[in-house]
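Open the model in your viewer and keep the selection tool at hand. Which parts should you pick out, and what is there?

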Amino acid sequence: MRTGIATVCLSGTLKEKMQACAIAGFDGIEIFEQDLVTSPLSPEDVRKMAADLGLGLDLYQPFRDFDGVTPDLLKANLKRAEAKFNLMERLGMDTILVCTNVATATIDDDELRASQLAELAELAGDHGVKVAYEALAWGKYVNDYEHAYRLVEMVDHPNLGTCLDSFHILSRDWDTAPIEDINAEKIFFVQVADAPKLSMDVLSWSRHYRVFPGEGQFELAKFMGHVVRAGYTGPVSLEVFNDVFRQSDVERTAIDAMRSLIWLEEQSAKWLASTSAEAGTEAAAASRRRYPMELATLPKVNEPAGFNFAEVKADDTAQLEKLLGQLGFEFEGRHRTKDVQLWTMGQARVIINEQAALHTEPAIAALGFDVDSPVIASARAQQLKAPVVARKVQADEEVFQGISAPDSTEIFLCQGSPDGTAAWTHEFGEGLEHASSTQNAVIDHVNLAQPWQHFDEAVLFYTSALALEPQPFAEVPSPSGLVRSQVMETSDGSVRLVLNLAPAKQAQTARKTYQEHIAFAVDDLVGAARSARDRGLEFLRIPANYYEDLDARFDLEPDFLATLKELNLLYDRDANGEFLHFYTATVGSVFFEMVERRGDYDGYGAPNAPVRHAVQYDSLHRA
């Protein structure tokens with residue numbers, strides 16, 4: 001699949017955008033007209049620079065408001081078009097995007113539109129230019145890709161074809177199956193963009209909220225599957241209008257964009273295979289015949305089986321050690337060659353890392369996940385443009401396959417074991433003498449704060465590299481504003497990752513100043529809370545108003561409610577089960593949560609989140 005991206009997707013100058021696209025590995029670019037108009041580079045400079053960078057110049061865009069106009073306006077439009085065709089010759093480009101008219105069209109007549117497009121195609125042919133006619137979702141008279149293609153067929157000129165844009169098609173819920181009926185030779189260009197499902201006017205939606213594939217909710221694999229079946233062989237190019245992307249680091253955004261196309265290519269191949277298999281033997285046999293566009297796939301990996309460890313980095317570790325001890329974790333000793341500690345409770349393992357941590361407040365630094373094949377999983381992540389993280393090891397020590405997440409958290413892919421143990425723990429020793437823990441625990445979930453400019457990137461990263469599935473996002477009120485919360489999890493819930501987009505007031509500072517936490521699941525939360533209290537743990541103090549509201553909502557048994565209140569426990573219930581949990585105070589940017597899931601409860605106590613945010617806010621401001 002030939003990959004492309006429109007320069008409008010990125011921040012910076014045209015020169016910076018082109019360099020970033022080359023670094024990210026794109027085959028070609030669309031030059032957005034404004035980027036060229038505002039650039040000090042001449043068209044000849046741009047042409048040479050693209051050649052030097054190995055980038056194709058695939059599309060010049062947009063040419064607006066051409067068709068459905070009066071004769072005098074048509075004459076002016078043709079003059080304007082000829083100027084652009086001359087410019088394209090200097091650039092060495094042969095395809096221009098012409099959008100359906102949204103502003104100047106006054107005549108709703110397909111015969112007239114076709115005759116005007118025929119004049120444009122004839123003029124384009126004289127300059128060796130192809131015109132890709134695109135139906136904008138808010139076009140005044142033409143807003144449907146099938147309507148646009150009918151006009152192309154009416155004109156029947158070799159220099160006029162159509163452009164298929166996933167946003168304009170999927171935002172209007174148009175059926176994508178008819179794409180397969182379009183003559184592939186008449187599909188001159190394909191643009192893709194994802195988007196969250198929003199209830200707003202389509203123009204504003206398009207101009208501000210598009211995202212890269214895998215970061216929204218559109219069925220892009222299905223869209224691309226139909227395009228491939230149609231026989232299209234040209235570029236698949238990103239056209240994403242997004243206020244955040246156009247303020248973010250240009251190189252990083254370009255890499256995120258490239259990752260999204262690699263992911264889309266794989267997902268499209270899977271969609272083609274699955275739909276052919278569902279259709280029966282004859283269709284499956286047909287699917288094994290290669291389409292003109294070949295779709296590459298990545299090394300196949302299963303979703304993680306569980307958390308292997310969580311790591312907190314800190315300069316002064318005394319408070320962390322005290323907190324873990326009060327929760328019931330046992331100190332297993334220090335690493336024999338590294339300045340790190342291991343603390344465990346059952347199968348929950350927490351590493352305290354003191355290396356290169358000068359003046360570092362406690363913060364979540366790394367997560368380990370159990371996977372079937374760490375090497376293959378790492379190879380997949382690297383093909384998805386994930387930066388490699390290496391750690392020095394001795395000859396007889398476990399070698400971790402590490403990659404860096406968008407928020408700088410280090411992700412380690414570890415060899416899982418059937419019994420949930422970890423071979424590397426033998427590298428630690430001389431811990432404290434202790435009796436066997438009365439609590440069996442696992443890491444239930446981890447909550448990570450995401451910088452505002454990399455939130456969507458993080459969703460795609462964990463989806464594509466770790467096979468976690470994004471769940472519907474929620475917005476949680478806090479004293480600082482709404483906190484957007486995105487759950488990523490495996491199908492069986494063995495790995496649960498919660499990504500929080502911090503309120504703007506707090507997100508202006510470095511990521512690790514915003515609170516994050518690690519949650520541990522135990523079998524008996526009330527017992528664990530009593531033991532922790534006896535060890536001196538200071539719980540996050542929950543206001544009495546919460547328990548009055550809790551009683552009103554659930555009509556709890558009085559003794560049980562009294563126990564919750566006594567121990568500062570929070571409670572939630574749904575049709576499938578119950579959820580009990582409590583929080584510790586915050587150390588640096590880290591706090592801990594203990595939870596108990598009863599029955600088939602699968603949530604996170606979301607109704608209690610505003611209480612936690614408010615109490616933490618009050619506690620931090622009093623401090």
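The tour of this predicted model goes through a barrel, then its helices, then one helix further along.

**The barrel**

Select β1 to β8. These eight strands close into a barrel, in the order β1-β2-β3-β4-β5-β6-β7-β8, and their pairing is parallel. On average, neighbouring strands of the sheet are turned by 30° against each other, direction ignored.

**One strand pair**

Now zoom to residues 28-32, strand β2, and residues 56-63, strand β3. Five bridges join them in the parallel sense. Pick glycine 28: opposite stands glycine 56 of β3.

**Two helices on the sheet**

Add helix α5, residues 110-126. Helix α5 packs on the sheet and touches β4 (95-99), β5 (130-134) and β6 (160-165). The direction of α5 makes about 150° with that of β5.

Next, add helix α9, residues 220-230. Its sheet contacts are β6, β7 (187-192) and β8 (236-238). Here the angle is about 165°, between the directions of α9 and β7.

**Helix α12**

Move to residues 318-327, helix α12. Which of its residues are buried? Select Leu320, Leu323, Leu324, Gln326 and Leu327. They lie on the same side of α12, because they cover an arc of only 160° around the axis.

What do these buried residues pack against? Show the strands β9 (306-313), β11 (340-345), β12 (348-353), β25 (577-583) and β26 (590-599), along with helix α16 (525-534).

Last stop: glycine 328, just after α12. Check its backbone there: phi is positive, about 110°.

Definitions and conventions. Residues numbered from 1 in each chain as written. Predicted model: local features only at pLDDT ≥ 70, side-chain atom pairs only at ≥ 80, totals over all residues. Heavy atoms only, no water. Buried < 20%, exposed > 50% of the residue type's maximum accessible area, 1.4 Å probe, protein only. Helix = DSSP H or I, 4+ residues; strand = E, 2+ residues; numbered from the N terminus. Arc of directions from axis to C-beta. Contact = heavy atoms within 4.5 Å. Pairing = 2+ DSSP bridges. Axes fitted to C-alpha atoms, helices over the stretch in contact; angles between N-to-C directions.
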